[in-house]
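Work through the exercises below with the sequence and the model at hand. Each task is followed by a solution in steps.

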Amino acid sequence: MFKSKLALVAFILILMGPAASHAADRQIDEATLEALMERAEENKARLGLSAEQEAKVEPILESAREKRLAILERHGFGHGNKPALSLREKLSLAKEMKAVRKETEDKLSRHLSREQMDIYRDIQEERRARMKEYMKSRK
């Protein structure tokens, strides 16, 4: 039971990106963890990954997550920090994140069907929308 729960949390961190990783750095309550696990299960079901696909996709998503976190840290984010970026810095951040997104999608498209890629893009767009709302609420 513990191993399967741990594996599911790892999948959450990979699929959900920086937001989940920052949540993992903090102590999160059981309800939040449960909500993240439910969302990850829903996303896995939506994608309909085979065991073979999951084995190939997981390292790609993990690499992308690490790259996004590194970008955010270079721009001063992390450990509760939310720096005041200039327009130039915001554009640079957006450009770097877009490059990682494109690279990730290119790699994933080798292992996922077109339909799965469309679903993946929908999931990512939903994640970005939730992150935008979260960031607005913190102001």
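**Exercise 1. List the order of the elements from the N terminus on.**

Solution. From the N terminus the elements read α-α-α-α-α-α. The chain holds 6 helices and 0 strands; helices (H or I, at least four residues) and strands (E, at least two) are DSSP runs, numbered from the N terminus. The model is predicted: local features need pLDDT of at least 70, side-chain atom pairs count only at pLDDT 80 or more, and totals for chains, interfaces and linings use all residues. Residues are numbered from 1 along each chain as its sequence is written, and side-chain values use heavy atoms, with hydrogens and water left out.

**Exercise 2. State what share of the 139 residues in the chain is buried.**

Solution. Begin with the cut-offs: buried means under 20% relative accessible area, exposed over 50%, partly exposed in between (1.4 Å probe, protein chains only). By this rule, 33% of the 139 residues are buried.

**Exercise 3. Check the span of helix 6 against the expected value.**

Solution. The expected span of a helix is 1.5 Å times one less than its number of residues. For the 24 residues of helix 6 this gives 34 Å, and the end C-alpha atoms lie 35 Å apart, which agrees. Next, mark the buried residues of helix 6: Q116, M117, I119, Y120, I123, Q124 and R127. An α-helix has 3.6 residues a turn, so residues three or four places apart point the same way.

**Exercise 4. Find the residues of the largest nonpolar core and the helix that gives the most to this core.**

Solution. A nonpolar core is a set of buried Ala, Val, Leu, Ile, Met, Phe, Trp, Tyr and Cys residues joined through side-chain atoms within 4.5 Å. The largest has 11 residues: L47, L49, V57, I60, L61, L108, L112, M117, I119, Y120 and I123. Helix 4 (51–74) and helix 6 each supply at least two of them. Helix 6 gives the most, with 4 residues. A second, separate core has 8 residues, among them A64, L93, M97 and V100.

**Exercise 5. Describe the largest cavity by its volume and its lining.**

Solution. On a 1 Å grid over the protein atoms alone, a cavity is a set of points where a 1.4 Å probe fits but cannot get out; lining residues have an atom within 4 Å of a point. Grid points are joined across faces, edges and corners, and a volume is the space filled by probe spheres set on the points. The count is 1 cavity of 30 Å³ or more. The largest cavity holds about 40 Å³ of space, and its lining consists of R68, R101, E105, Y120, Q124 and R128. Helix 5 (87–108) and helix 6 (114–137) are the elements that give two or more residues to this lining. Helix 6 gives the most, with 3 residues. By class, the lining has 1 nonpolar, 1 polar and 4 charged residues (Ala, Val, Leu, Ile, Met, Phe, Trp, Tyr, Cys and Pro count as nonpolar, Asp, Glu, Lys and Arg as charged, and the others, Gly among them, as polar).

**Exercise 6. Is H75 buried or exposed?**

Solution. Locate H75 in the loop between helix 4 and helix 5. Its relative accessible area is 14%, so H75 is buried. Leaving aside neighbours within four places in sequence, H75 is in contact (heavy atoms within 4.5 Å) with P83, L85, E89, S92, L93 and E96.

Technical notes: 1 Å grid on protein atoms, 1.4 Å probe; cavity = no way out; pocket = protein on both sides within 12 Å on 5 of 7 lines; lining within 4 Å.
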